[in-house]
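Me: Please take a close look at one part of this model and then work outward to the elements around it. A connected account is preferred to a list.

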Amino acid sequence: MDYLRLGQRVRRQRKLLGMTQKEVAEKVGISLPFYGHIERGSRKASLETVINIANALGVSADTLLQDSLDVMTKPLASDACLSEHSRSLLNDIVGVLREHDIGRV
């Protein structure tokens with residue numbers, strides 16, 4: 001699991017909502033220092049905590065965990081010529097598109 005990328009997505013969503021770290025930590029029921037570590041990717045969060053964070057931020061857990069799936073990190077025949085950086089950017093774009101589609105359903 002890429003905890004750094006998970007933290008980046010958590011931070012991005014929190015900022016989009018205009019929430020502080022303290023507000024999210026309180027809503028999730030974890031300490032502010034632990035929440036800060038999650039956003040920085042320096043501590044591991046349990047699945048339950050990730051789900052609670054997703055709920056607090058109004059996104060699905062798969063949005064936060066999107067590059068944790070092996071299927072997302074293994075190159076497909078069609079994208080085998082893409083660099084790791086390009087695949088990472090495409091994954092981020094897909095995540096943003098998923099976030100916008102959630103609001104339309």
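Reply: Beyond its neighbours within four places in sequence, glycine 41 is in contact with Tyr3 and Leu4. The model is a predicted one, and the positions given here are computed from it. Glycine 41 sits in the loop that runs between helix H3 (32-40) and helix H4 (47-57). Its relative accessibility is 25%, so glycine 41 counts as partly exposed, given that buried means under 20% and exposed over 50%. Arginine 5 is 36 residues away from glycine 41 along the chain, yet their C-alpha atoms are separated by 7.3 Å.

Tyr3 and Leu4, the two contacts of glycine 41, also take part in the packing of H1 with H3. On the H1 side that packing involves Tyr3, Leu4, Gly7, Gln8, Val10, Arg11 and Arg14, which meet Tyr35, Ile38, Glu39 and Arg40 in H3. By class, these residues divide into five nonpolar, two polar and four charged. The axes of H1 and H3 are 6 Å apart and the angle is about 110°. H1 and H3 are therefore roughly perpendicular to each other, since 65 to 115 degrees counts as such.

On the other side of the loop is H4, which packs with helix H1 (residues 3-17) at an angle of about 25°, the axes being 10 Å apart. H1 and H4 are therefore roughly parallel to each other, and their crossing is left-handed. H1 contributes Leu6, Val10, Gln13, Arg14 and Leu17 to the contact, and H4 contributes Val50, Ile53 and Leu57. The residues of this contact divide into six nonpolar, one polar and one charged. Val10 and Arg14 of H1 appear both in the contact with H4 and in the contact with H3.

H4 also packs with H2: their axes come within 9 Å and cross at roughly 120°. H2 and H4 are therefore oblique to each other, and the crossing is right-handed. Val24, Lys27 and Val28 in H2 meet Thr49, Asn52, Ile53, Ala56 and Leu57 in H4. This contact divides into five nonpolar, two polar and one charged. Ile53 and Leu57 of H4 belong to the contact with H2 and to the contact with H1.

As for confidence, the chain averages a pLDDT of 82, and 79% of the residues score at least 70. Confidence is highest in helix H2 (residues 21-28), at 97, and lowest in helix H6 (residues 70-73), at a mean of 48.

How values were computed:
Residues numbered from 1 in each chain as written. Predicted model: local features only at pLDDT ≥ 70, side-chain atom pairs only at ≥ 80, totals over all residues. Heavy atoms only, no water. Helix = DSSP H or I, 4+ residues; strand = E, 2+ residues; numbered from the N terminus. Buried < 20%, exposed > 50% of the residue type's maximum accessible area, 1.4 Å probe, protein only. Contact = heavy atoms within 4.5 Å. Axes fitted to C-alpha atoms, helices over the stretch in contact; angles between N-to-C directions. Parallel < 35°, antiparallel > 145°, perpendicular 65-115°, else oblique. Left-handed = near helix turned anticlockwise from the far one by under 90°. Nonpolar A, V, L, I, M, F, W, Y, C, P; charged D, E, K, R; others polar. pLDDT = per-residue confidence, 0-100.
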